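Reader: I am new to protein models. Can you show me how to read one, feature by feature?

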Amino acid sequence: MPSRSVLALLGTLAVGSAVAVATVASTRHTVDAQLALLTHQLASAGLTVTPGPARHTWTGSTQDVTVALADRPGGAVTLHTTTRRGPLLPGGRVGAALVTTDVQFPAAVQARLTQAMHGQQIVAETVVAFGGRSTTQLTIPAGTQGDAGTSVTWSPLTVTTHSEDGQVDTHVTGGALELRTPDTTFTTAGLTFDSQVRPSADGVNPGRAALTVPNLYLTAGGQTLAAAKYTLTTELTGEPSPLRLSVRNTLSGVRLGTLAVSDTHLNWTLGNLSRSALADIMTVSGDLTRQTETESPAGRRTLASHLTALLQAGPTLTLEELSTATASGRIGLQARVFLDDPHGLTLTDVSQDPLPLLTRLRADLTFEADEATLKELAEVGGQPGAGDDLIWALLDQGVVTESGSKVQSTLTLDGQGLVVNGERVPETSLAEAWTLRQQAYDAQTQGCARQLMQAQEVTRMQEGQYAPEVEALVPDALSDTCRDAVEISIATASEESWTGTVVSRATRQILTVSDAGVTD
């Protein structure tokens with residue numbers, strides 16, 4: 001019977017073998033999954049990702065991944081990854097694997113970066129825990145590049161990413177920057193960035209992000225612009241659709257010469273966004289970046305169709321707050337803009353004539369300011385008294401009203417036109433303008449239909465039969481105006497008869513055209 005020590009050794013080997021097998025499977029699955037997600041996201045941005053063959057050993061594996069723009073293969077970046085399997089990892093760590101990634105730029109670029117970063121390299125380390133959790137830390141070393149005349153200096157930047165259960169949390173810190181030219185100096189004390197997103201296969205990643213820049217200074221032309229604590233937060237919500245994007249900008253203070261403003265806000269929201277349309281737009285945009293000029297027209301038409309789907313979903317824009325303050329008071333603006341019944345609008349038609357879009361546009365706007373603040377801002381860089389002149393002009397035209405020490409204004413754009421401070425402004429009805437424009441378009445469509453009939457008769461005289469498609473009409477039979485203004489299709493054609501349709505791009509009026517004439 002084997003001794004206790006032998007049994008213990010065999011048991012340890014059995015457990016160790018099981019752990020090693022599980023580690024290999026978990027690591028490869030996790031790395032492959034992350035690589036597939038990275039490939040999809042970079043492809044959406046117009047980049048080409050080419051994984052090289054993985055070289056496996058008993059202790060781990062190595063693999064090179066190339067990232068490049070399709071039309072600039074010479075500018076490719078190579079990610080050289082080395083995977084070290086656990087459970088015991090370098091640095092006294094425990095986990096399924098440690099993946100080290102060296103970022104290598106093209107030779108000329110890499111040489112300059114290596115010199116700028118004093119021989120150090122951009123490196124990422126990913127610790128993969130048992131069960132698939134992973135934590136990645138990317139470090140960009142400090143560096144200096146340039147000469148005494150023009151130079152840029154930056155501090156280390158650290159990016160830490162934690163991935164678990166489909167959610168990716170990212171934390172970025174550092175990155176202080178100083179840029180000097182003979183005439184300009186720009187400095188910032190660094191930044192912090194945090195995000196929590198849930199990456200998805202369609203490339204639309206709901207989540208939240210926040211960026212904070214403590215301060216920045218810009219000196220040029222003998223003046224210094226100082227800005228304190230800028231914060232940007234974004235949040236994309238909505239599962240599965242429609243989506244809602246909220247953006248919040250806050251700036252604690254700005255000083256330029258004698259001007260000082262504080263507590264500045266720009267907060268807005270895009271709502272009712274079609275998720276499928278956004279995903280399609282991102283995919284096609286990436287494809288267009290990789291396409292050649294000869295391939296682009298079809299891609300642009302596809303992109304236009306997806307933008308049309310986004311438009312027809314009826315997106316809304318809400319400006320919750322645009323405001324700032326000075327020592328004398330505060331000034332602020334709120335607004336909401338949306339489309340009333342956007343169905344039937346297409347990007348192609350709107351590009352031909354934006355009036356149909358404008359007739360569906362609805363807006364509500366509210367403005368309020370302390371008179372002293374409005375005067376102060378109006379006189380920045382101008383003549384003394386310019387603020388008084390501005391306020392009197394706005395009051396005289398009825399754009400604003402007075403309420404104590406404040407000036408106020410409300411504006412509404414509806415289907416009948418513009419209403420300012422409760423008074424409807426005459427001759428601002430876009431619907432009336434569109435009615436007149438429609439009549440002109442309808443006459444144009446009728447003219448193009450008759451032109452098509454004449455073109456078919458000429459074609460029959462020269463070719464012995466009517467043209468079965470527009471491209472078969474005799475050359476120059478249709479004017480460029482008709483080719484641009486209407487859509488023409490021929491349904492049937494023979495030696496004796498033909499039928500087709502003419503559709504106005506602007507009004508979508510449909511006329512049936514044949515050898516017998518034109519009918520609505």
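Author: Start with a definition. Two strands pair if DSSP finds at least two bridges between them. Strands of a sheet pair through backbone hydrogen bonds, either parallel or antiparallel. Keep in mind that this model is predicted.

Reader: In what order do the four strands of the open sheet come, and how do they pair?

Author: The order is β28-β29-β30-β31. The pairing is antiparallel.

Reader: Which strands stand at the edges?

Author: β28 (486-493) and β31 (517-519) do. Each has a single partner strand, so one side of each has no neighbour in the sheet. Neighbouring strands here are turned by 20° against each other on average, direction ignored.

Reader: How many bridges join β28 to β29?

Author: Seven, and the two strands run antiparallel. β29 covers residues 498-504. Take one pair as a sample: Ile-488 has Val-502 in β29 as its bridge partner.

Reader: Which helix packs on the sheet?

Author: Helix α9, residues 430-463. It touches β28, β29, β30 (510-514) and β31. The direction of α9 makes about 155° with that of β29.

Reader: Pick a residue in that helix. What is Met-453 in contact with?

Author: Met-453 is found in α9. Leave aside its neighbours within four places in sequence. Then Met-453 is in contact with Trp-498, Val-513, Ser-514, Asp-515, Gly-517 and Val-518. Look at Gly-517: it is 64 residues from Met-453 along the chain, yet their C-alpha atoms are separated by 7.6 Å.

Reader: Why is Met-453 called partly exposed?

Author: Buried means under 20% relative accessible area, and exposed means over 50%. Met-453 has 23%, so it is partly exposed.

Reader: And Thr-81: buried or exposed?

Author: Buried, because its relative accessibility is 15%. Thr-81 is found in strand β4, residues 77-85. Again, skip the neighbours within four places. Thr-81 is in contact with Ser-61, Thr-62, Gln-63, Asp-64, Val-99, Thr-100 and Thr-101.

Reader: How do I read a hairpin? Which strands form one with two residues between them?

Author: β19 and β20 do. Gly-257 sits in the turn and has a positive phi of about 60°. β19 and β20 (residues 259-273) pair in the antiparallel sense over 12 bridges. In this pairing, Val-247 stands opposite Trp-268 in β20.

Reader: Which strand is joined to β19 (residues 243-256) by 12 bridges and covers residues 223-237?

Author: That is β18, and it runs antiparallel to β19. One sample pair is Thr-231 with its bridge partner Thr-250 in β19. There is a general idea to add for strands. In a regular strand the side chains alternate between the two faces of the sheet.

Reader: Now the surface. Which residues make the nonpolar patch of about 320 Å²?

Author: Leu-88, Val-94 and Phe-130 make it. Phe-130 lies in the loop between β8 (123-128) and β9 (134-140). With a relative accessible area of 40%, Phe-130 is partly exposed.

Reader: Zoom out. How many helices and strands does the protein have?

Author: It has 10 helices and 31 strands. Of its 520 residues, 32% count as buried. The protein exposes about 28,300 Å², and carbon and sulfur atoms supply 58% of that.

Reader: What share of the contacts links residues 24 or more positions apart?

Author: Count the contacts with a separation of 6 or more. Residues 24 or more positions apart account for 47% of these.

Definitions and conventions. Residues numbered from 1 in each chain as written. Predicted model: local features only at pLDDT ≥ 70, side-chain atom pairs only at ≥ 80, totals over all residues. Heavy atoms only, no water. Patch = residues over 30% accessible without salt bridge, like charges linked within 9 Å, V, L, I, M, F, W, Y side chains within 5 Å. Areas by Shrake-Rupley, 256 points an atom, 1.4 Å probe, with all protein chains shown as cover. Salt bridge = Lys/Arg side-chain N within 4 Å of Asp/Glu carboxyl O. Buried < 20%, exposed > 50% of the residue type's maximum accessible area, 1.4 Å probe, protein only. Axes fitted to C-alpha atoms, helices over the stretch in contact; angles between N-to-C directions. Contact = heavy atoms within 4.5 Å.
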